[in-house]
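Work through the exercises below with the sequence and the model at hand. Try each task before reading its solution.

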Amino acid sequence: MNTPAKDNVDGIRRFFAQLPARPEAGQLLCEMVDAGLDRLSLPGSGQTLQRWRTLAAVAAYDLSLAKLYEAHADALAILAEATADDIAPALSVWGVWCAEPPEARLDIRTASAEDPGRVVIDGVKAWCSGANALSHAIVSGWNADGHPCLAAVDLDQAGVTVSDEGWHAVGMAETTSVNVHFENARGIAVGGANFYVGRPGFWQGGAGIAACWHGAAAQLASYLRHKLTGQDDPHALAHLGRADVALSASAAGLRAAAEAIDAEPTADSYRLAMRVRLATEQAAVEVMQAVGRALGAAPLCRDPWVARMMADLPVFLRQSHAERDLAALAQSTLQQAEDGDDGEDDHAGEEEWRL
């Protein structure tokens, strides 16, 4: 596999600039892997912000590509965290298929007692982004003891069938997040039971999704700024100001989150990730509204990049669970205050809100 070495934001931008035409997202991901542009620093390695800047740069170009690219980078990070880097062949292209709807769950069982690392996979997996373009995937499932587990799967085998089921999207259309059927498919166990959500990288990676949202929103705001250059319409300019405020706060939150992750790479990043995701989601919504209100329908109808971005971003943002995530964060805040309350401080747990 490609060894995580450095994040090449400028190289990625040059790569996009020299493209004669825009390929489909899956093809473009493969070209980026072939060019070595998937070599990102691992979360918590001291270069988390650089990793997120790379994700943001890809998202600024195309969000369907960013979805696939982030998942590929996440898969390599998961393998590294499981000390299983060596199972990824050179130039392999990965996805992470770990959505767990109740009607589509995989059974992952040990292939033989003599080789417990080899597994057999059966069932249907939903929301398999990039299924037609990838060579490998990390999939979640359930072992014989009823515990969640992960397996790495080579998708080029008879036991794996990519369907055309379950995907009718306009936004994020090129991710092609279809159902994939597994029947006696062979794989390799990654980590142990409960490894996926129990590792520090789970919420570090969840926070990195916000970098994709931010990159797309920032590029939309740059488009708005370009369109308003030289204009003196106070209403349109107010919307640019609105976008500026939202993105400045989002960027500050992402920088602080990256710094906190690098300072304590093994700490539980749940609250940090939830905050930065929800704040960035709100900023992206503010920017989309600003673009539409300031410029009207023309760019939505006549500019293919804007039309695609404004269709893609709302779909990608729904990886946030909106009010459910807000309520979960509130419960965590209450629990922290309860755990820190010694009966003497009426404001226990509020230190993080203070300047």
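The exercises cover salt bridges, a helix pair, nonpolar cores and backbone angles.

This is a predicted model, in which local features need pLDDT of at least 70, side-chain atom pairs count only at pLDDT 80 or more, and totals for chains, interfaces and linings use all residues. Residues are numbered from 1 along each chain as its sequence is written, and side-chain values use heavy atoms, with hydrogens and water left out.

**Exercise 1. Salt bridges**

Task: Find the partner of R22 in a salt bridge and state which parts of the chain the pair ties together.

Solution. Step 1: A salt bridge is a side-chain nitrogen of Lys or Arg within 4 Å of a carboxyl oxygen of Asp or Glu. The structure holds 9 of them.

Step 2: R22 pairs with D62, with 2.6 Å between the closest N and O atoms. Because R22 sits in the loop between α1 (9-17) and α2 (25-34), and D62 in the loop between α3 (48-61) and α4 (63-81), the bridge ties together parts that are 40 residues apart in sequence. Helices (H or I, at least four residues) and strands (E, at least two) are DSSP runs, numbered from the N terminus.

Step 3: Compare accessibility, where buried means under 20% relative accessible area, exposed over 50%, and partly exposed in between (1.4 Å probe, protein chains only). D62 has 2% and counts as buried; R22 has 30% and counts as partly exposed.

Step 4: D62 also forms a salt bridge with R308, at 3.3 Å from N to O. This second pair links D62 to helix α10 (residues 304-317), which holds R308, 246 residues apart. R308 is partly exposed at 25%.

Step 5: A network of salt bridges links R22, D62, E174 and R308.

Step 6: For another bridge, take R118 and D115, whose side chains meet at 3.8 Å, N to O. R118 is partly exposed at 44%, and D115 is partly exposed at 36%.

**Exercise 2. A helix pair**

Task: Describe how the axes of α2 and α4 cross.

Solution. Step 1: Two packed helices are described by the angle between their axes and the distance between the axes. Axes are lines fitted to C-alpha atoms, for helices over the stretch in contact, and angles run from 0 to 180 degrees between N-to-C directions.

Step 2: The axes of α2 and α4 come within 9 Å and cross at roughly 45 degrees. The two helices are therefore oblique to each other (under 35 degrees is roughly parallel, over 145 roughly antiparallel, 65 to 115 roughly perpendicular, the rest oblique).

Step 3: In contact (heavy atoms within 4.5 Å), A25, G26, L28, L29, M32 and V33 of α2 meet S64, L65, L68, Y69 and H72 of α4.

**Exercise 3. Nonpolar cores**

Task: Which residues of the largest nonpolar core touch the most other members?

Solution. Step 1: Such a core is a set of buried Ala, Val, Leu, Ile, Met, Phe, Trp, Tyr and Cys residues joined through side-chain atoms within 4.5 Å.

Step 2: The largest core has 78 residues, of which W97, I121, V139 and F182 touch the most other members. Helix α6 (residues 201-228) gives the most to this core, with 13 residues.

Step 3: Apart from this core lies another of 16 residues, including A88, L150, A152 and F195.

**Exercise 4. Positive phi**

Task: Where in the chain are W127 and N194, and what is the phi of W127 and of N194?

Solution. Step 1: Most residues other than glycine have a negative phi.

Step 2: W127, in strand β3 (residues 115-128), has a positive phi near 60 degrees. W127 counts as exposed at 51%.

Step 3: N194, in the loop between β7 (178-190) and α5 (195-198), has a positive phi of about 70 degrees. N194 is partly exposed at 40%.
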